[in-house]
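Got your viewer open and ready? Take a seat, and let's walk through this one stop by stop.

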Amino acid sequence: FFMVEDFWAVILTSALLGFGGAFVYAPTLIALGQAPHPTKSFGIAVTVVVLVAGAVIFLVPTTLVPRWGLGGLAGILCLAYGSGFLLVRQVPRGKAVAEAASCRDSGRSLAWLGLAGGAVFFIGANASFAFFEVIGETIGVDNAGVGTALAISLLCGAVGSAIAAVLGDRVSIARAMMVGVLGMLAYVSAMRLVGGVLGFYLGVIVFNVAWNFLLPYQMTVVAEVDDSGRYVALI
């Protein structure tokens, strides 16, 4: 980040961050997926991630970049990733792949189907994130306001994953999916029907609550048919 001067440097830096982060993220997902109650475990993990992300996305435009520029952003990323790499040895060891690799052919097919569904969902969700700034500008919300709205919505979104952690297996995955989809429809409706700054704030909050409620159940779809952890790692 210290050497970023153009768009392609941002692309390269982002790719390096994603590549490095996978070495922490993948084994953590495998451990969560092989826990006795994966939905609850995923829900707790998503809640913690969302709270940290909400705090960081609030600090970046309000404090880190104004005071220290890209160096401040690079510093918080170094702290986050450095902590992750130091703690990765504490992640519980999963089942031996050799013992768990006898996954049925039907299980493999379901795992791939679950991954495909998650990919489609994330394409749609991230497409929304890509255009929130543009949507905000068209209704008179400046960049700082959009950043504040996203930070608030991320923190509020932790409610969704916390509810998933509390409910866990008491709600079927199919019903949880229906609730999540209805939440996404409510987000679009708030943007369209309420409109204005209020509609924008309501929309992004409902969006993140629905997304984070749905995410643990989506992960569980793969974890339930994958004893080896190989497919969970692909999430």
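In which helix is the place of Ala 174? Select Ala 174 and you land in helix α6. Keep in mind as you look around that this is a predicted model.

**Stop 1: Ala 174**

Turn on the surface while Ala 174 is still selected. Ala 174 counts as exposed, because its relative accessibility is 54% and the exposed class begins over 50%. Now add Val 141 to your selection. Along the chain, Ala 174 and Val 141 are 33 residues apart, and their C-alpha atoms are separated by 37 Å.

**Stop 2: Ala 149**

Next, pick Ala 149, which has its place in helix α5, residues 143-167. Is Ala 149 buried or exposed? Ala 149 is buried, with a relative accessible area of 1%. Then bring up Phe 58 as well. Ala 149 and Phe 58 are 91 residues apart in sequence, yet from C-alpha to C-alpha the distance in space is 9.2 Å.

**Stop 3: the whole chain**

Zoom out and switch to a cartoon view. How many helices and strands does the secondary structure of the chain come to? You should see eight helices and zero strands, so reading along the sequence gives the pattern α-α-α-α-α-α-α-α. The chain has a radius of gyration of 19 Å, close to the 18 Å that the globule rule gives for 235 residues, so it is as compact as a globular protein of that length. If you rotate the C-alpha trace onto its principal axes, it spans about 55 × 45 × 30 Å. Of the 235 residues, 37% count as buried.

Now colour by confidence. The mean pLDDT of the chain is 84, and 94% of the residues reach 70 or more. Where is confidence lowest, and where is it highest? The low end is helix α3 (residues 97-100), at a mean of 47, while the high end is helix α7 (residues 196-223), at 91.

**Stop 4: the aromatic rings**

Show the side chains of Phe, Tyr and Trp. A search of the whole structure finds 16 aromatic pairs. One of them is Phe 121 with Phe 122, an edge-to-face pair at 6.1 Å centre to centre, with 85° between the planes. Click on each partner in turn: Phe 121 counts as buried at 16% relative accessibility, whereas Phe 122 counts as partly exposed at 30%.

Move on to Phe 132 and Tyr 187. These two also form an edge-to-face pair, 6.2 Å centre to centre and 80° between the planes. Phe 132 lies in helix α4 (residues 105-138) and Tyr 187 in helix α6 (residues 173-194), so the pair ties together parts that are 55 residues apart in sequence. Both Phe 132 and Tyr 187 are buried.

To see the wider setting, select Phe 121, Phe 122, Phe 129, Phe 132, Tyr 187, Phe 200, Tyr 201, Phe 207 and Trp 211 together: they form one aromatic cluster.

**Stop 5: a nonpolar patch**

Finish on the surface. Which residues make the nonpolar surface patch of about 440 Å²? Select Phe 19, Phe 23, Tyr 81 and Phe 85 to light it up. The elements giving two or more residues to this patch are α1 (7-33) and α2 (38-87). For a last click, choose Phe 85, which is found in helix α2. Phe 85 is partly exposed, with a relative accessible area of 40%.

How values were computed. Residues are numbered from 1 along each chain as its sequence is written. Side-chain values use heavy atoms; hydrogens and water are left out. Patches are made of residues with over 30% relative accessible area and no salt bridge: like charges are joined within 9 Å, nonpolar side chains (Val, Leu, Ile, Met, Phe, Trp, Tyr) within 5 Å. Accessible areas come from the Shrake-Rupley method with a 1.4 Å probe; for residues, only the protein chains shown count as cover. A salt bridge is a side-chain nitrogen of Lys or Arg within 4 Å of a carboxyl oxygen of Asp or Glu. Helices (H or I, at least four residues) and strands (E, at least two) are DSSP runs, numbered from the N terminus. Buried means under 20% relative accessible area, exposed over 50%, partly exposed in between (1.4 Å probe, protein chains only). Rings of Phe, Tyr and Trp (its six-membered ring) pair if their centres lie within 6.5 Å; planes under 30 degrees apart count as stacked, over 60 as edge-to-face and the rest as tilted. pLDDT is the predictor's confidence in each residue, from 0 to 100. The radius of gyration is taken over C-alpha atoms; the globule rule is 2.2 Å times the number of residues to the power 0.38.
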